[in-house]
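Colleague: I would like a close look at one part of this model, the place where two chains meet. Please take it piece by piece.

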Amino acid sequence: MTNILDDYALMSPLRHKNNWLKLTIVLFGLLVGVSSTSPITPLFIALCMSFTTVALGRAPLKLYLKLLLAPVGFAFTGVVIIAFFSGSGQEILSFELAGYPFSVKADGLELALLVLSRSLSGMCCLYFLSLTTPMIELFAVLKASRLPESLIELSMLIYRYIFVFLDMAMSIKYAQTVRLGYSNFRRSLSSIGMLGSTLFIRSWEQGDKLFLAMNSRCYDGKMTLFEVNRPVRAVELLLTSAYFLSALALFYFTKNISIV
Amino acid sequence: MHIMEGFLPTPWWQAWFAVSIPVILYGIHKMNRLVNEKREILPLLAVAGAFIFVLSSLKLPSVTGSCSHPTGTGIAAIIFGPAISAVLGTIVLLYQALFLAHGGFTTLGANVFSMGIVGPVAVYLVYKAGMKTKLNFYAVVFLATAFGDWATYVTTSVELALAYPAGGALTFAGFMSSFGKFAAVFAITQLPLAIMEGAVSALLFKYVVNVKSDILVEMKVLEDAVVRKLRGTSA
């Protein structure tokens, strides 16, 4: 639970590749995935991104599969609703449950599969980014993208403190658990309330200390970052453009294909 | 209540970005003004953001068996007001998408709208209204957080129903039928969860009032007299 994806990103060999290249690949995948009209292109993108993450990025395969399974739950509920209630074409499956008729129509199923595949491709793209690119590298990109200064500053500080507080929350939670703080429902409610308030008070004090520490080091509202210059190699460029071209070609040729 | 990456089709994810971005810009503007006025507020905002993230990654004990997590933005809305919570919420949602794969990039606009804008605004309105009626402070916090959660969940259902109306084309009847279905399915987890989060938030404020009430007075959440009265009754 405490394992944040960032830990794996720090160890990934793809960490040392050009950030802009990785970001372009991810954005391309997201946009093509979400605008495709057949499930084939998103599945192709999902496959490519998974391969890159696991084979080139050395993410543990078991962890990767576990990660993919986790958010599928929400996607699945939504998809089931879409499959059952949208569409108007031919019925392919219908039954009655507790007096209510349920039926899956052909175009409803088509839409549900499309949405599921889009979700899957989006998740694979996101995981590619988060398993190969540590947040620290992305801050330099954010700076260069001219977003409001205060927003970036705030994100960097939040990023730093997430780790401090996660550690704190985990140790408090262990301490509460060994004292049977979560042994029944009422107790867990009060334990989690205590945990939250302690966290809140401690984080507030930490904020005060942080301000003092930064002020005494001449903080003037700007933190300068060092961006490592990483040229894109020809092989990478070639592979990326091959991937882009094949995805676009697939997108074009499967435009009107339906699989149901 | 995050909407997954890739779940919203083309016209809708852009539309929700278009709705959310002006609000976030307004929030940033407001935050800049606050930071210029009181420079020590920036680190405080940062730890508040981290606090929201950590709180939302803790699992709540849930009655229905499914583990769910609090949104945490309700507390931020009560302390900092809705505009700044929108900015904090956006950053936290971005991190959740990156670190935990909750939500995503294309659906960020929709998620920010439901969790960073509608939720905190509802919390804030209920909180302000409740404080006027001289209800018990903890009861008000409970109600505000619970209503904020419900507002978030209704908004998410609206977003999904607009994108996937029953019958394919967007008509009012189709929208309503599909809205009812999404709302009904999510109600199983969201109705009890909101009550839980309300209870946890009220407990949280109770401990904070008991241990370090000067924070709340300083942020003008509570007046001194109210704090003294609360401590008198709860001690």
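Colleague: How many salt bridges does the rule find across the interface of chain A and chain B?

Modeller: The rule finds zero salt bridges across the interface of chain A and chain B. Bear in mind that this is a predicted model. Polar contacts between chain A and chain B come to one residue pair, with both residues at pLDDT 80 or more. On the side of chain A that touches chain B, at least two residues each come from helix H1 (5–11), helix H2 (19–35), helix H4 (61–85), helix H5 (106–132), helix H6 (135–144), helix H7 (149–178) and helix H8 (185–215) of chain A. Of these, H8(A) gives the most, with 21 residues. By type, the residues on that side of chain A are 47 nonpolar, 19 polar and seven charged. As for extent, 73 residues of chain A are in contact with 67 residues of chain B. The area buried between chain A and chain B is about 6300 Å², and carbon and sulfur atoms give 83% of that area.

Covalent links through sulfur can be dealt with briefly. Over all chains, the structure holds zero disulfides. Cys124(A) is in no disulfide, and the nearest cysteine sulfur to its own, that of Cys125(A), lies 7.0 Å away. Cys125(A) is likewise in no disulfide, with the sulfur of Cys124(A) as the nearest cysteine sulfur at 7.0 Å. Cys124(A) counts as buried because its relative accessibility is 1%. Cys125(A) also counts as buried, because its relative accessibility is 0%.

Methods:
Residues are numbered from 1 along each chain as its sequence is written. Chains are lettered from A and ligands numbered from 1 in the order in which they are written. This is a predicted model: local features need pLDDT of at least 70, side-chain atom pairs count only at pLDDT 80 or more; totals for chains, interfaces and linings use all residues. Side-chain values use heavy atoms; hydrogens and water are left out. A disulfide is a pair of cysteine sulfur atoms within 2.5 Å. Buried means under 20% relative accessible area, exposed over 50%, partly exposed in between (1.4 Å probe, protein chains only). Contact means heavy atoms within 4.5 Å. Buried area is the accessible area (1.4 Å probe) that two parts lose on being put together, summed over both. A salt bridge is a side-chain nitrogen of Lys or Arg within 4 Å of a carboxyl oxygen of Asp or Glu. A polar contact is a pair of N or O atoms within 3.5 Å; within protein, one must be able to donate a hydrogen and the other to accept it, and residues adjacent in sequence count only if both atoms are side-chain atoms. Helices (H or I, at least four residues) and strands (E, at least two) are DSSP runs, numbered from the N terminus. Ala, Val, Leu, Ile, Met, Phe, Trp, Tyr, Cys and Pro count as nonpolar, Asp, Glu, Lys and Arg as charged, and the others, Gly among them, as polar.
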